[in-house]
Structure formats: structure tokens, C-alpha cells
Amino acid sequence: MNSFLTVLDSNNLSLTRSQTSTLQVNVGRLCNLACRHCHVEAGPGCLEVMDRKTMDDVIRFAGNNSFSRIDITGGAPELVPDIEYLLENLVSLAPTLMLRTNLIALLEEKPELLNFCRRLKIALVASFPSTNRGQADAQRGEGVWEKSIFMLKKLNDLGYGKAGTGLDLYLVSNPSGAFLPADQCTAEKKFKTSLANRWGIEFTALYNFANFPLGRFKTWLEKSGNYNAYMDKLRSSFNPTTIEGLMCRSLINISWDGYLYDCDFNMAAGLPYSGKPLHVSDVEKPDEGGPIMTDDYCFACTAGSGFT
């Protein structure tokens, strides 16, 4: 039973697609890390990556629409062969092109991509779950926190995160356990103060999100006996005012094999766009006004301040 739909109904709410302004492209599950909170279970042994033909389908689709933002995610997008080809062909098709990074891939696997992104003024969205070394390493792996600090300093040296450079650097924070994130504004202020005072690091803004009970994080919740309590916490924190601004209402997601989803979380769960498999090569434009597929993990988007 989909209890999320039941809660929507009880609040006289529905979730339908508005005008699509964001194209999100998940280019694969290949990653150099295996983070405990990863909803797509990305890791070094994953073989799913987007090929050149699918990239061309994505580029065509983006060119046929007027997206204000294109968001490239993974896995670690930096590790995907031909990622430069995809980025270079998308950068002129939307005012903002964003590349997700775990920072370590840029440092150890693909350092040459840094100047490429800087030249094209591609915004970077970096995973940095905590200013606390122990919490971050517990979630992402031993030594990752220290390398991330080093990489953030290097990005600042290149102009990323600095006012007036046009090089945006966003950080993404997730809780380290089965609890909800702090208030967005409070968390951003804390991160900015801590990083500036201790290491002289600057960044554009912070995205502070709840962990989704999917993939590797769901497995951890179940093994640790926290799953039911975490789901109860998400349900009890449902905020009806978040529905209007949920990202799925203005976003469409394309997976590494070219199939469409309402969001990256539905992609991870195998819940297709409009409830049926639909390939990007067969679509010209998103279906405005259509229903959005949901499941109980959607409570993570509507808890507290929401996932917008």
C-alpha cells in the first residue's frame, strides 16, 4: 500500500507535473566510493555507464526543450567515458549546467576535468556531508573527509565558490544516521562559518537533504534495526506546504540507459516516468500536467523543509 498517496489524499493534495525547468541526467553507477547513504548503490564495481549514443539522445532532447538547468549526476560522473563530450554539447543548451562530484574523483581519478569545467563555467555540486571528520568518514570511507577539505581549497584557488567569478560551488550535506537534517538556513550558516574560520574555504550555497530509504541506506537501516523508526519519523514530519515546490514537479530524470523518470529516486527504485518505460529517443517534450509516480520513500522529500 502506498501510504504517501493516502497522506496526500487526507490533506486534499495531489502531485502532478508543472512546467519542466530542470533536466537531470544520471550518467551511471560507476563510482570510486561506496557511500553508506547512496540511494543508487554506486561503487567501483558498477558497470552501468551512459554510452555515446544515449548521450546524443540526451543532447537532442535538451536541444528540443528550454531547460533552465541541466544537472549531471551519478555515481561519479567524472569517471564516465566521454563525459567531456556530453558536457561540452550541453553547456550552451541551458543557462546553468551542473556537475555533481564526490570531490575525490576529481582529485585522484580525473584532475584534468577541473580546468575543463572552469573553462566552460560549469557549476560544481560537491558531496560534503559534515564538517565533522568522524561523521563524514563513517558515511563515505576512511580518509575521504581530509581529501575533501584539500579539494575544496583547490577549487577555491581556481575561483570556485568565490564571489564575482561566475564559478558556483554548491555543497550537499546528508545526516550520518537515521535522523532528519537540520534546518537548511541554520546548517548553511554553520557550514560557512566552520569552513571559513578553520580552513578559509568559501562556497556558494548548501543543499541540506534527508537520506532516502533506498539502496545502500535502506539496507543499512534494515540491518541496524532502524528502518521502521526512520519511516515513522519521515511520515510524522510530513509538511503539506512542501508539495507545491517539490523538485519532481519541475524536473525530469534520464538514466544512463536513456529511460525517463520523475526523479533520481524513482530511477533508483525502478518506478518509471508516467508508470511505463519510456526512452528519451522516443520523446520530444515532457508531459506537463501528468501524474508523478510515488512510493513511501517520497516522505523523505516532504519532511521538514522538504526537497525542492
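Buried means under 20% relative accessible area, exposed means over 50%, and partly exposed lies in between, with a 1.4 Å probe and protein chains only. Helices (H or I, at least four residues) and strands (E, at least two) are DSSP runs, numbered from the N terminus.

The model is predicted: local features need pLDDT of at least 70, side-chain atom pairs count only at pLDDT 80 or more, and totals for chains, interfaces and linings use all residues. Residues are numbered from 1 along each chain as its sequence is written, and side-chain values use heavy atoms, with hydrogens and water left out.

**Exercise 1. Work out how strand 1 is enclosed.**

Step 1. Start with the count: 5 of the 5 residues of strand 1 are buried, so the strand is largely enclosed by the rest of the structure.

Step 2. Recall a general point: in a regular strand the side chains alternate between the two faces of the sheet.

Step 3. Now sort the residues by side. Thr22, Gln24 and Asn26 lie on one side of strand 1, Leu23 and Val25 on the other, and all are buried, which leaves both faces covered.

Step 4. Look at a neighbour. Strand 1 and strand 2 pair in the parallel sense over 5 bridges, where pairing requires that DSSP finds at least two bridges between two strands. Gln24 has Asp71 in strand 2 as its bridge partner.

**Exercise 2. Lay out the sheet and find its edge strands.**

Step 1. Write down the order: 8 strands form an open sheet, 6-5-4-3-2-1-7-8, with mixed pairing.

Step 2. Check the ends. Strand 6 (205-208) and strand 8 (260-261) are the edge strands, as each pairs on one side only.

Step 3. Add the helix that packs on the sheet. Helix 8 (residues 184-199) touches strand 5 (169-173) and strand 6, and its direction makes about 130° with that of strand 6. Axes here are lines fitted to C-alpha atoms, for helices over the stretch in contact, and angles run from 0 to 180 degrees between N-to-C directions. Contact means heavy atoms within 4.5 Å.

Step 4. Take the pair at the strand 8 end. Strand 7 (residues 251-254) and strand 8 pair in the antiparallel sense over 2 bridges, and Ile254 stands opposite Leu260 in strand 8.

**Exercise 3. Describe how helix 3 meets helix 5, and which residues of helix 3 are buried.**

Step 1. Begin with the axes. Those of helix 3 (residues 83-90) and helix 5 (residues 113-120) come within 11 Å and cross at roughly 5°.

Step 2. Classify the angle. Under 35 degrees counts as roughly parallel, over 145 as roughly antiparallel, 65 to 115 as roughly perpendicular and the rest as oblique. Helix 3 and helix 5 are therefore roughly parallel to each other.

Step 3. Name the contact. Glu84, Leu87 and Glu88 of helix 3 meet Leu113, Phe116, Arg119 and Leu120 of helix 5. By class, this contact of helix 3 with helix 5 has 4 nonpolar, no polar and 3 charged residues. Ala, Val, Leu, Ile, Met, Phe, Trp, Tyr, Cys and Pro count as nonpolar, Asp, Glu, Lys and Arg as charged, and the others, Gly among them, as polar.

Step 4. Turn to burial. Ile83, Leu86, Leu87 and Leu90 of helix 3 are buried. Seen down the axis of helix 3, these residues fall within an arc of 95°, so they line one face of the helix; the arc is that of the directions from the helix axis to the C-beta atoms.

Step 5. Ask what covers them: helix 2 (52-63), strand 2 (69-73), strand 3 (96-101) and helix 5 are included.

**Exercise 4. Decide how helix 6 and helix 7 are arranged.**

Step 1. The axes of helix 6 (residues 133-140) and helix 7 (residues 144-157) come within 8 Å and cross at roughly 110°.

Step 2. Helix 6 and helix 7 are therefore roughly perpendicular to each other.

Step 3. Arg133, Ala136, Asp137 and Arg140 in helix 6 meet Val144, Trp145, Glu146 and Ser148 in helix 7. The residues of this contact of helix 6 with helix 7 divide into 3 nonpolar, 1 polar and 4 charged.

**Exercise 5. Find the backbone details around Asn12 and Gly75.**

Step 1. Asn12 is not a glycine, yet has a positive phi of about 55°. Its loop runs between helix 1 (3-10) and strand 1 (22-26), and Asn12 is exposed, with a relative accessible area of 74%.

Step 2. From Gly74 to Gly75 the peptide bond is cis, with omega near 20°. Gly75 sits in the loop between strand 2 and helix 3.
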